Amino acid sequence: MLYNIFIDPFMQMGGAPDLLVQTLWEGLVSGVLYALIALGFVLIFKASGVFNFAQGIMVVFAALTLVGFHEKGVPAWIAVILTLGVMYVLALAVERVVLRPLVNQPDIILFMATFGLTYVLIGIGEFIFGGEPKQMITEQLFLPRGAIDVKMLGGRVTFQKLDIAAAVIATVMIGALAAFFQYTRIGRALRAVADSHKAALSVGISLNQIWAIVWFAAGIVALITGVMWGARSEVSFGLDIIALKALPVLILGGFTSIPGAIVGGLIIGIGEKIAEFYWGPLVGGGIENWIAYVIALGFLMVRPQGLFGDKIIERI
Amino acid sequence: MQTMRSIEPGQQLLNVENVSLRFGGVKAITDVSFDIKKGEVRAIIGPNGAGKTSMLNVINGFYHPQEGQITYRGEARARMRPHVAATQGIARTFQNVALFKGMTTLDNIMVGRTLKMQKSFFWQLFRHGPAMNEEIEHRKFVEEIIDFLEIEHIRKVPVGKLPYGLQKRVELGRALAMQPELLLLDEPMAGMNLEEKEDMCRFILDTKEQYGTTIALIEHDMGVVMDLSDRVVVLEYGIKIADGTPEEVKANQKVIDAYLGVAH
């Protein structure tokens with residue numbers, strides 16, 4: 001038994017390095033997507049201190065809107081622009097209807113409000129687009145299909161072109177966001193608000209405007225995540241489960257750190273796939289579904305603020 | 001803002017009339033009136049809990065008084081939001097330093113320029129063209145302030161790592177970056193040693209000289225207050241007990257009682 005747990009899996013890894021690379025790659029791709037979802041959470045959490053439970057459903061909603069527009073005969077690229085418009089209106093509405101009236105309320109109330117938002121979005125989504133799963137319009141968006149086989153390490157490793165595209169797009173997206181935060185006026189204002197509301201107000205930053213902007217940014221991230229996840233399976237409300245996967249990612253990376261979301265996403269993604277492939281057979285499979293939470297739990301005991309999170313020092 | 005009529009030095013810039021502020025049953029400020037003239041240093045003093053900080057919070061819109069009226073640049077206003085006060089040229093610093101701790105000195109002061117930078121979101125996305133020129137132009141101004149406050153050596157240091165005295169200085173820098181008409185300073189010298197206090201005094205006077213900024217100041221160090229300010233208003237338990245030049249206030253029996261404590 002101990003042999004099966006502690007030695008055999010590593011023997012397998014060494015014995016078939018091509019399979020290891022394949023598993024790592026698949027883990028990396030889902031890790032990148034987890035990172036994207038977590039990024040949506042972090043953006044909103046940093047700027048407004050709200051844990052946005054609705055982020056998962058925003059992913060579905062954005063993807064559904066995109067597909068919905070396309071079904072109505074709108075060309076794919078225009079549909080993308082229209083969907084961005086819808087996400088912008090959503091951001092404005094959330095700021096006006098949810099955040100502004102609840103300003104200065106305890107966090108838990110805002111958190112519950114995002115629960116409400118989740119069900120509102122599900123309701124609207126099902127009302128407009130129906131409840132059936134839909135196909136993501138991958139070809140129309142020029143996302144590549146097929147796979148590349150690479151011979152290496154005495155075997156063959158398959159890279160799905162779609163996965164490569166997803167990894168590249170996610171990386172570009174994260175890079176662009178980081179640059180935007182670092183070097184522009186609005187980016188600086190966002191960081192300022194994340195740091196101190198009081199001071200930000202005193203230099204003339206409008207919190208309402210900033211909240212609308214971060215929700216819009218989270219909406220853009222949601223759309224991209226939705227397209228990528230949708231392309232790998234299908235677009236349905238079941239997708240919002242992936243939002244729950246963001247939770248261990250956030251615990252690992254820290255709720256306030258963008259690099260944390262990325263690294264956390266990769267660790268969870270890769271950890272999951274490796275565990276499933278090498279240790280899964282021991283327990284009859286299914287490790288993928290829960291190992292992320294176990295990793296997060298272990299992490300909480302050692303480093304509750306996450307890898308990159310702000311350490312909270314209480315004054316006594 | 002630019003369309004508002006300009007105010008000559010010596011004219012009334014801000015007028016507080018019969019302002020009362022309550023938190024539930026607690027009266028923080030009761031029927032206080034005073035004015036601030038353009039170009040002067042106006043001190044607000046009083047024992048702890050006298051309502052000084054509340055008064056500043058009312059002026060820049062963090063608190064909304066239940067009664068009374070505030071006239072700024074000849075325009076009376078009812079409620080206002082802090083970021084609107086900022087657009088109208090009111091800047092401030094805080095008693096317990098409210099800086100963006102994770103950001104560098106440079107970035108903190110650049111945030112103070114937010115309102116002056118108006119190039120569109122679109123250009124900023126690409127950080128190109130007009131937005132880039134704008135960024136460079138404002139960066140120049142910020143470097144001037146850094147120079148003025150003698151904090152070149154900490155430009156790239158995250159402010160959370162700086163000693164308290166320097167943080168206060170960065171906070172002043174951020175307020176100055178807004179090129180305010182009216183600068184509210186809430187205990188700018190609290191917790192400083194003698195040398196730091198002298199520096200801060202010099203910066204405040206230089207600000208007045210160089211930029212013509214009107215300054216309202218809360219301070220506990222009486223020596224500093226008497227040296228810096230043109231006129232002083234004294235609060236006790238939310239009520240104004242004296243108002244006048246430093247000499248007049250110093251000689252006022254009520255003020256002496258308030259500070260030394262007298263059996264009533």
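## Sheets, domains and the chain contact

In strand S9 of chain B, B:Ala43 has B:Val232 as its bridge partner. This is a predicted model, in which local features need pLDDT of at least 70 and side-chain atom pairs count only at pLDDT 80 or more, while totals for chains, interfaces and linings use all residues. Residues are numbered from 1 along each chain as its sequence is written, and chains are lettered from A and ligands numbered from 1 in the order in which they are written.

The bridge belongs to the pairing of strand S3 (residues 41-45) with strand S9 (residues 231-236) of chain B, which is parallel and has four bridges. Strands here are DSSP runs of E with at least two residues, helices are runs of H or I with at least four, and both are numbered from the N terminus. Two strands pair if DSSP finds at least two bridges between them.

Chain B has an open sheet of six strands in the order S6-S7-S8-S3-S9-S10, with mixed pairing. Strand S6 (90-92) and strand S10 (239-244) of chain B each have a single partner strand, so one side of each lacks a neighbour in the sheet. From one strand to the next, the twist averages 20 degrees. Helix H1 (residues 52-59) of chain B packs on this sheet and makes about 150 degrees with the direction of S7(B). Such angles run from 0 to 180 degrees between N-to-C directions, with axes fitted as lines to C-alpha atoms, for helices over the stretch in contact.

Another open sheet of chain B has four strands in the order S2-S1-S4-S5, paired antiparallel. Its edge strands are S2 (26-37) and S5 (75-77) of chain B. Strand S4 (residues 67-72) of chain B is joined to S5(B) by three bridges, and B:Tyr72 stands opposite B:Glu75 in S5(B).

B:Asp35 is found in strand S2 of chain B. Is B:Asp35 buried or exposed? B:Asp35 is partly exposed, because 17 other C-beta atoms lie within 10 Å; 20 or more would make a residue buried and 12 or fewer exposed, with C-beta atoms placed from the backbone. Leaving aside neighbours within four places in sequence, B:Asp35 is in contact with residues including B:Gln12 and B:Val16. A contact means that C-beta atoms, placed from the backbone, lie within 7 Å.

The domain assignment of chain B, which is automatic or from a database, gives domain 1 (11-89 + 180-264) and domain 2 (103-177). Their C-alpha centres lie 27 Å apart.

The table lists the residues that each side gives to two contacts.

| Contact | One side | Other side |
|---|---|---|
| Chain B with chain A | chain B: 26 residues | chain A: 19 residues |
| Domain 1 with domain 2 of chain B | domain 1: 10 residues | domain 2: eight residues |

On the side of domain 1 of chain B that touches domain 2 of chain B, H7(B) gives the largest share, three residues. On the side of chain B that touches chain A, H2(B) gives the most, with four residues.

The largest nonpolar core has 169 residues, and those with the most contacts inside it are A:Ala35, A:Ala38 and A:Val214. Such a core is a set of buried Ala, Val, Leu, Ile, Met, Phe, Trp, Tyr and Cys residues joined through C-beta atoms within 7 Å. Helix H9 (residues 207-232) of chain A gives the most to this core, with 18 residues. Domain 1 and domain 2 of chain B both give residues to this core, so the core lies between them.

Terms used. Contact = placed C-beta atoms within 7 Å.
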